[in-house]
Amino acid sequence: MGSQHDDGLDRRPEADQRALTVGRLLLLLALAAAASAAGANPAEGDPRPPYALRSALDRLSPQRPGTVDLYAIVIGGDAEEVFRREAETVRRVLDERLGTAGRSLVMVNDMNMPDPEVTLNSLAYALRAVAKRMDAEEDVLLLHLASHGLRNHELSLRHPATPLYALSPLYLRSLLDEVGVRNRVVIVSSCFSGGFVGPLSTGDTMVVTAASADRPSYGCGSDSQITDFSRALYLKALARTRSLREAAVQTLDLVREDEKARGFQHSLPQLRSGASIDERLRLIERQLEAKR
């Protein structure tokens, strides 16, 4: 019998070679995932938010060509009951008064849930998902943010499971620019929330805040059903009109009158709105009136 010649080639069956290739690929993917997880910052939140949030995003209705659809993301950032109750109330009013039913989403940090739902990563995830459902040029995104506000103008994101980074105005602006939604309404119900106005303002954006950059707002205690500012906007002003801009203007007066009557320092809520977003909101108002 002649001697075998080793020519350096792998002469194992082709199926075995394919299995080895797949195995190596799976190993590389596992190593990459482990490296990514090791480098993740828990204070930014899980890159993939809880299943319930992902499922809710998947159920949002798609945009309707030729119709200016209003999409809403309503956020309770701090794990106190008042912000959960506010988020649920705001969503209900938006669905009933401004036609967001099927296109609205609530995100809250609920202390009774094992993991936070509102983090920097989950907010980015939600904004990207909603942007894909919208017509980025035609439709309008409304983002309502309720939480405790910090003196450096950041919005508190808090859950007992883990420390979380707060949301800064510049970070929010970068997220909104990244997803590419042109027409925006951002409503911030927190102390010192006026710090969001400058960084977020564009001709295509309406920004409404519960206070100026150096004043507190009121009604964020655990026994409150909803913050004072949001009560004025959603439960009073929007009960009178379907014009979001007119409701915001009325809210400035309602808050001033209420705080004066109670002897509170005026929180000085802010409103800044560009001509382009004003016209887009008027189109939504006319659509709502046509359905009545």
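Is Thr205 buried or exposed? At 3% relative accessibility, Thr205 counts as buried, because the limit for that class is a relative accessible area under 20%. The model discussed here is predicted. The briefing below begins with the protein as a whole, then turns to the sheet, the surroundings of Thr205 and the helices.

**Overall composition**
- The protein has 292 residues, of which 47% are buried.
- Its secondary structure consists of nine helices and six strands.
- The accessible surface amounts to about 14,500 Å², and carbon and sulfur atoms account for 52% of that area.
- Among contacts with a separation of 6 or more, 72% link residues that lie 24 or more positions apart.

**The sheet**
- Six strands make up an open sheet with mixed pairing, arranged in the order E2-E1-E3-E4-E5-E6.
- Strands E2 and E6 (270-273) occupy the edges; each has a single partner strand, so one side of each is left without a neighbour in the sheet.
- On average, neighbouring strands of this sheet are turned by 10 degrees against each other, with direction ignored.
- Strand E3 (residues 140-146) pairs with strand E4 (residues 183-189) in the parallel sense, over seven bridges.
- Within this part of the sheet, Leu141 stands opposite Arg184 in E4.

**Surroundings of Thr205**
- Thr205 belongs to strand E5, which spans residues 205-209.
- Leaving aside residues up to four places away in sequence, Thr205 touches Arg184, Leu200, Arg272, Ser273, Gly274 and Ile277.
- Arg184, one of these contacts, is the residue in E4 that faces Leu141.
- The C-alpha atoms of Thr205 and Leu141 are separated by 9.6 Å, although the two residues are 64 residues apart along the chain.
- A polar contact of 2.7 Å joins the side chain of Thr205 to the side chain of Thr202.

**Helices and their packing**
- Helix H9 (residues 275-291) lies across strands E1 (70-76), E3, E4, E5 and E6.
- The direction of H9 is at about 95 degrees to E4.
- Helix H2 covers residues 51-58, and its residues Leu53, Ser55, Ala56 and Leu57 are buried.
- The buried residues of H2 pack against strand E2 (104-108) and helix H4 (120-133).
- E2, one of these packing partners of H2, is also one of the two edge strands of the sheet.

How values were computed. Residues numbered from 1 in each chain as written. Predicted model: local features only at pLDDT ≥ 70, side-chain atom pairs only at ≥ 80, totals over all residues. Heavy atoms only, no water. Helix = DSSP H or I, 4+ residues; strand = E, 2+ residues; numbered from the N terminus. Buried < 20%, exposed > 50% of the residue type's maximum accessible area, 1.4 Å probe, protein only. Contact = heavy atoms within 4.5 Å. Polar contact = N/O pair within 3.5 Å; in protein donor to acceptor, adjacent residues only side chain to side chain. Areas by Shrake-Rupley, 256 points an atom, 1.4 Å probe, with all protein chains shown as cover. Pairing = 2+ DSSP bridges. Axes fitted to C-alpha atoms, helices over the stretch in contact; angles between N-to-C directions.
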